[in-house]
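Visitor: Let's pick one part of this model and look at it closely.

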Amino acid sequence: MFKAAAEDSKILLKKRWNDTMRVYKIEEHIHLIDVETAGIKNFIASYVLKGKQVAIVETGPTSSIPNLLKGLEELDVKSEDVAYVAVSHIHLDHGGGVGTLLKHLPNAKAVVHQRGAPHLANPEKLWQQSRAVLGKITEMYCAPEPVPEERIIAATDGMTLDVGGGVRLKVVETLGHASHHLSYYEPLSEGIFPGDAAGIYINEIDVVVPTTPPPFRLDIALTSIDKLMGFEPKVLFYSHFGKACDAVNKLQVYSRQLKLWAKIAKHGLENKENLETISGKILESDVAVRKAKEYIEAHQILSETVLGESVQGIVGFVEKYGEVLT
Ligand SMILES: [Zn+2]
């Protein structure tokens, strides 16, 4: 009888915990953990790939590492089984938590673009720059902790991370959003973890919006999108947020969307319009952004980043490099 009561309370505990934390099985070998940074759901995803060992793609920021650890526990992941913690780039919402997470995973190596590696080892400059750019948002993310140099793999294009059982990740250099950005192709699912190279997917309304903060390189970003399309992926596992089918189409649409924004920015600059006016015109012309308007405005972080920083990034590119490729 005691045992039954104990079992009941265990079930209850699990249920209660699941009400607040969400772990989804999205492929036979892949789970998504919603790390719920600052209590915001459906914003930052961390992915757990199970082969013989385990790989994690994206950590989210330092502040939500306790949530990620709870998710790993829920998935019965043994801390010593994690071989890789791969991040798309070092921006705090993607790789900010690596240093903290690695303290809990004795055998894991951090995988990051070679240009991002020094910043994982010495995150002070990254933290100061993030504070300058993101202001109050950084308080929700918290400061990154350093990763010991010997635990960092400075990844290059084409490198493969193998966790056994047929589960592999192929490193795909996809610059543009940042000068040190990687995506990962996963052959079993024929899926891609695009980081921020494919925009922000608002899964609740099935819409993609740009994430193109300065110093954004549109020309390079478009090449990266083409490169991802070259894999003919079936699914995308967005860091923001979740799994989406119809991957090639989503990439094509994103590419067109970026070109549209650039066209509006070019026209705006020629007519000496300010950022606000250009932003307004983007909102008028871009069906996806219009559809996402209410969602973005109600969202603490997206409201500052999408129609503010992302517009700035595109305008900055057009100002500096002039004519855009169409
Ligand atoms: Zn991001």
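Visitor: Is His 240 buried or exposed?

Guide: His 240 is buried, because its relative accessibility is just 3% (buried means under 20% relative accessible area, exposed over 50%, partly exposed in between, with a 1.4 Å probe and protein chains only). A quick note: this is a predicted model, where local features need pLDDT of at least 70 and side-chain atom pairs pLDDT 80 or more, while totals for chains, interfaces and linings use all residues. Residues are numbered from 1 along each chain as its sequence is written, and side-chain values use heavy atoms, with hydrogens and water left out.

So what is His 240 doing here? Its NE2 is one of the atoms coordinating the zinc ion, alongside Asp 93 (OD), His 94 (NE2) and Asp 196 (OD), at 2.0 to 2.3 Å (donors are N, O and S atoms within 2.8 Å of the metal, or 3.2 Å for Na, K and Ca; with water not among the atoms, sites may look incomplete). The angles among those four donor atoms run from 81 to 153°, and the site is irregular (four donors are tetrahedral if all angles lie between 85 and 135 degrees, or square planar if opposite donors are over 155 degrees apart and all others between 65 and 115).

Along the sequence, the spacing of the donor residues reads D-H-x101-D-x43-H. Asp 196 and His 240 link distant parts of the chain, 44 residues apart. Asp 196 sits in the loop between β11 (191-193) and β12 (200-202), and His 240 in the loop between β14 (235-238) and β15 (242-244) (strands are DSSP runs of E, at least two residues, numbered from the N terminus). Asp 196 is buried too, at 3% relative accessibility.

Conventions: Four donors count as tetrahedral if all angles lie between 85 and 135 degrees; four count as square planar and six as octahedral if opposite donors are over 155 degrees apart and all others between 65 and 115; anything else is irregular. Helices (H or I, at least four residues) and strands (E, at least two) are DSSP runs, numbered from the N terminus.
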